[in-house]
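Biologist: I would like to learn how to read a structure like this one. Could we go through some features one at a time?

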Amino acid sequence: MDSAEFLTKVRASDHYRDQIAAIREIPARSARFRDPRTALRPAIRDALAASGVGELYTHQAAAIDAIESGRDVVVVTGTASGKTLCYNVPVLNRLLDDPDARALYIFPTKALAQDQVGGLRRLLDADPRLSHINVSTYDGDTPASRRKAARTGASIILTNPDMLHNAILPQHGRWSQEGFFNNLRYVVIDELHTYRGIFGSHVAGVIRRLRRVCQPECGPLFIGCSATIANPGELAGRLIGREVSVIDDDGSPRGRKLFVLWNPPFVGDDQLERRSANVEAQHLMCDLVTEGCQTITFAKSRVAAELIYKYVHESLSKRRRGLAKQIRPYRGGYLPNERREIEQQLFSGELLGVCSTNALELGIDVGSLDAALIVGFPGTICSTIQQAGRAGRTRDDSLCVLIAYNDPIDQYLMRHASYFFGQSPEHAAVDPDNERIFADQIRCAAAELPVSPDDEAYFGPEVVDRCRKLAKAQTQDEFWYCFESGDTYRYQLRSGALPHHSVDLRMVGHETFSIVDATPGNEATVIGQIDSISAPELVYPHAIYLHEGVNYFVRELDYDGKVARVERTDVDYYTQVMLSSGARILSTDRQEPINGGTRFFGKLDVSWQSVAFKKIKYYSLENIGQETLDLPPLNIPTTGLWAVPPQEVMNQLSRAEHKPVEGLVGVRNLLLVTLPMLAMCDRRDVSGLVDSSNLGTPAMFVYDRYVGGLGYSEKGFDFFGDLLTFCRELVEECPCDQGCPSCVGLANLRPPLHHDPDLGQGYAIPNKDATRLLLQLWLDS
């Protein structure tokens with residue numbers, strides 16, 4: 001496509017009202033090729049040529065050579081740069097030389113593994129000399145009848161961390177006896193940037209357990225692939241427990257890309273409300289697909305993805321009905337066969353457009369796209385780069401448009417384009433040594449094999465002492481067995497159950513609800529699935545559930561049967577849930593003064609509940625009604641810290657004509673940025689609020705977003721003075737005038753999971769001066 005020509009047409013269109021806030025050109029880049037020093041088998045060269053790969057890019061050759069030399073590597077290059085060949089080529093080359101060798105590919109989701117196995121099979125089918133190499137997925141959807149065949153007959157198995165943790169490692173003896181672990185030569189960890197925070201820290205423990213059960217004298221090499229983050233080598237090294245080589249000199253070509261910041265125009269003279277960002281996306285997407293540009297539109301929620309699809313489909317149906325059939329939505333909750341069908345249609349070019357959540361942000365191969373529309377800032381620069389990278393996967397021109405909501409953060413970025421384009425990707429943090437995570441992982445390890453001093457190479461020099469402490473503190477449900485040597489431990493649950501099943505890597509509920517179309521006169525049919533946390537926010541009674549643009553009225557949410565029964569309906573509105581959330585102090589375990597104020601640590605009950613919903617008219621966003629709900633609350637018993645500044649500090653804020661609560665909100669936001677740096681966790685692992693109901697006076701709360709807590713907030717309690725100093729430095733050194741996302745503005749708070757951002761409820765940027773003065777007065781008290 002010619003991006004500049006398209007923007008010229010947009011400026012001349014009837015719906016253009018100076019929405020373009022900024023344009024940044026990302027210049028084209030030529031390909032750089034070289035042959036690897038490693039000798040590749042003729043079958044592989046011929047298969048690559050038959051697949052359209054005549055030469056290898058420089059980063060692919062560098063990765064192949066590094067792997068051949070026996071180094072662990074992480075490849076960090078752009079979207080569609082051919083990272084998959086960085087591991088497929090050396091793995092297949094080894095398999096041709098050593099047919100007994102085995103490789104394990106780990107992907108963060110089942111969907112991504114299914115997509116990658118298809119691509120791998122196409123490469124193997126490209127040359128008959130590779131046809132004997134068997135590959136198989138091994139996940140929760142793999143029938144029991146096929147699992148043994150995969151273990152014994154597949155040279156490459158594709159799985160996910162949950163399956164490795166829950167089903168493969170507990171049966172490691174069988175996997176070794178049948179030859180897979182004894183001959184495991186390569187472990188590939190794709191989309192490595194997704195393994196961060198609590199999830200990544202658990203996966204680091206799983207990887208150490210995997211290394212431990214493999215033959216140590218010929219253990220596997222590790223190959224990671226990552227999107228652009230600030231510290232890929234550090235993250236990869238922390239995940240696998242040893243140093244890695246970083247391959248980041250991207251040799252792939254890139255066409256010119258225009259990156260546009262698009263701000264919807266005001267509606268009304270008061271300049272308070274802006275035109276719907278979803279409708280703006282509709283206009284742009286319709287224009288793009290009408291021009292024949294294959295387009296992906298990213299939405300921040302399932303509801304928004306469905307709304308944009310509905311608007312685009314209805315608009316195209318009026319213009320060119322044939323085009324309307326070439327657009328589909330894509331999101332979590334669709335049945336697996338639906339998702340595979342959409343992916344294949346997009347890859348083949350049968351579809352011209354897709355309206356997606358971030359479910360398509362990961363590396364599922366959907367072919368070469370011309371344009372990406374990002375509706376609302378995704379929350380991180382890393383995600384923005386990933387989504388923008390879905391367009392421009394060839395040498396041709398491409399377009400990316402970030403469409404702002406009428407949200408404080410989005411609007412800040414529209415006003416400060418240089419800030420947005422100058423931001424670096426975020427750091428990713430994991431901490432496998434976290435006490436709670438270590439305890440969970442070492443229990444699983446000790447149930448797999450006895451833990452001894454030999455395991456210091458995997459779990460650190462204090463592993464035996466830590467097991468000894470856990471044994472002394474064991475509950476009546478546990479049994480730690482100490483061998484006569486006194487330094488070797490085995491673990492089991494007295495019930496005989498595996499400890500693995502009580503360790504959740506991802507912090508999400510395993511239970512799912514089926515969404516059943518029970519329209520009278522039709523046979524009841526399952527049309528989707530939803531997790532137990534999302535169900536009260538999306539399929540509550542009397543909600544309008546959108547599925548591929550069709551309205552369904554939720555007749556019943558059956559908690560016992562785990563079923564949401566819906567019926568087709570014809571209405572001119574959708575629904576939006578209203579949540580009530582809060583934190584209740586269960587116990588105060590520690591309390592200490594801090595510069596005239598007080599800090600606390602203890603147990604909290606964090607809860608949220610769907611209490612009502614609004615009926616919102618399509619397109620106009622008019623609120624046409626509201627109903628109350630009577631649904632049980634969801635809660636997380638966890639640990640947290642809370643703090644109250646000196647009363648005199650709050651009084652001085654008032655005398656300075658600041659709102660004291662705004663200063664507290666600003667400090668709370670800064671704590672949610674600084675605590676992860678201290679506690680070695682991800683920003684998503686902690687959250688917080690400002691509340692006065694517990695103590696009768698406003699207090700800042702910061703808590704772990706994990707059942708029982710993981711010690712992050714307690715570390716914040718221990719170093720609270722240092723954190724406040726860090727917060728003051730951060731806010732004082734930020735060059736902005738009134739507050740921005742880099743200082744007081746971007747809180748890691750939990751919005752409704754399925755909220756339409758068009759309806760507002762973005763978190764305002766608190767007053768920077770109030771925040772700065774509060775910190776200054778408190779620290780100087």
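Modeller: Start with helix 20, in a model that is predicted. On one side of helix 20, Lys469 and Lys472 are exposed.

Biologist: Which residues of helix 20 are buried?

Modeller: The general idea comes first. An α-helix has 3.6 residues a turn, so residues three or four places apart point the same way. In this case, helix 20 covers residues 463-472, and its buried residues are Val463, Val464, Arg466, Cys467, Leu470 and Ala471. They lie on the same side of helix 20 because they span an arc of only 160° around the axis. Lys469 and Lys472 are on the other side.

Biologist: What do the buried residues of helix 20 pack against?

Modeller: They pack against two helices and two strands: helix 18 (435-448), helix 19 (456-459), strand 15 (478-482) and strand 16 (489-493).

Biologist: Now sheets. In what order do the strands of the open sheet stand?

Modeller: Again, the general idea first. Strands of a sheet pair through backbone hydrogen bonds, either parallel or antiparallel. Here 7 strands make an open sheet with parallel pairing, and their order is 4-5-3-6-7-2-8. Strand 4 (135-137) and strand 8 (245-247) are the edges; each has a single partner strand, so one side of each has no neighbour in the sheet. On average, neighbouring strands of this sheet are turned by 15° against each other, with direction ignored.

Biologist: How many bridges join strand 2 and strand 8?

Modeller: Strand 2 (residues 73-76) pairs with strand 8 in the parallel sense over 3 bridges. As an example, Val74 has Val246 in strand 8 as its bridge partner.

Biologist: Which strands does helix 10 touch?

Modeller: Helix 10 (residues 232-240) packs on the sheet and touches strand 2, strand 6 (184-189), strand 7 (221-226) and strand 8. Its direction makes about 145° with that of strand 2. Helix 5 (residues 110-125) lies across strand 3 (102-106), strand 4 and strand 5 (156-159), and runs at about 170° to strand 4.

Biologist: How should I read two helices in contact? At what angle do the axes of helix 2 and helix 4 cross?

Modeller: Look at the axes, then at the residues between them. The axes of helix 2 (residues 42-50) and helix 4 (residues 83-97) cross at roughly 145° and come within 9 Å. The crossing is right-handed. Helix 2 contributes Ala43, Ile44 and Leu48 to the contact, while helix 4 contributes Leu85, Val89, Leu92, Asn93 and Leu96. Sorted by kind, the contact residues of this pair are 7 nonpolar, 1 polar and no charged.

Biologist: Next, antiparallel strands. Over how many bridges do strand 22 and strand 23 pair?

Modeller: Strand 22 (residues 573-594) and strand 23 (residues 597-617) pair in the antiparallel sense over 20 bridges. One pair to find is Arg590 with its bridge partner Phe601 in strand 23. The two strands form a hairpin with 2 residues between them.

Biologist: Which residue in that turn has a positive phi?

Modeller: Asn595, with a phi of about 50°, although it is not a glycine. Asn595 sits in the loop between strand 22 and strand 23. Is it buried, partly exposed or exposed? Asn595 counts as partly exposed because its relative accessibility is 32%, and the partly exposed range runs from 20% to 50%.

Biologist: Which other strands pair with strand 23?

Modeller: Strand 25 (residues 634-644) pairs with strand 23 in the antiparallel sense over 11 bridges, and Phe600 has Trp642 in strand 25 as its bridge partner. Strand 24 (residues 623-628) also pairs with strand 23 in the antiparallel sense, over 5 bridges. There, Lys614 has Gln626 in strand 24 as its bridge partner. Strand 23 and strand 24 form a hairpin with 5 residues between them, and Tyr619 in the turn has a positive phi of about 70°.

Biologist: Last, a loop residue. What does Gln326 touch?

Modeller: Gln326 lies in the loop between helix 13 (321-324) and strand 11 (327-330). Leaving out residues up to four places away in sequence, Gln326 touches Glu350, Leu351, Leu352 and Gly353. Gln326 and Glu350 are 24 residues apart along the chain, yet their C-alpha atoms are separated by 6.8 Å. With a relative accessible area of 24%, Gln326 is partly exposed.

Conventions: Residues are numbered from 1 along each chain as its sequence is written. This is a predicted model: local features need pLDDT of at least 70, side-chain atom pairs count only at pLDDT 80 or more; totals for chains, interfaces and linings use all residues. Side-chain values use heavy atoms; hydrogens and water are left out. Axes are lines fitted to C-alpha atoms, for helices over the stretch in contact, and angles run from 0 to 180 degrees between N-to-C directions. Helices (H or I, at least four residues) and strands (E, at least two) are DSSP runs, numbered from the N terminus. A crossing is left-handed if the near helix is turned anticlockwise from the far one by less than a right angle, and right-handed if clockwise. Contact means heavy atoms within 4.5 Å. Ala, Val, Leu, Ile, Met, Phe, Trp, Tyr, Cys and Pro count as nonpolar, Asp, Glu, Lys and Arg as charged, and the others, Gly among them, as polar. Two strands pair if DSSP finds at least two bridges between them. Buried means under 20% relative accessible area, exposed over 50%, partly exposed in between (1.4 Å probe, protein chains only). The arc is that of the directions from the helix axis to the C-beta atoms.
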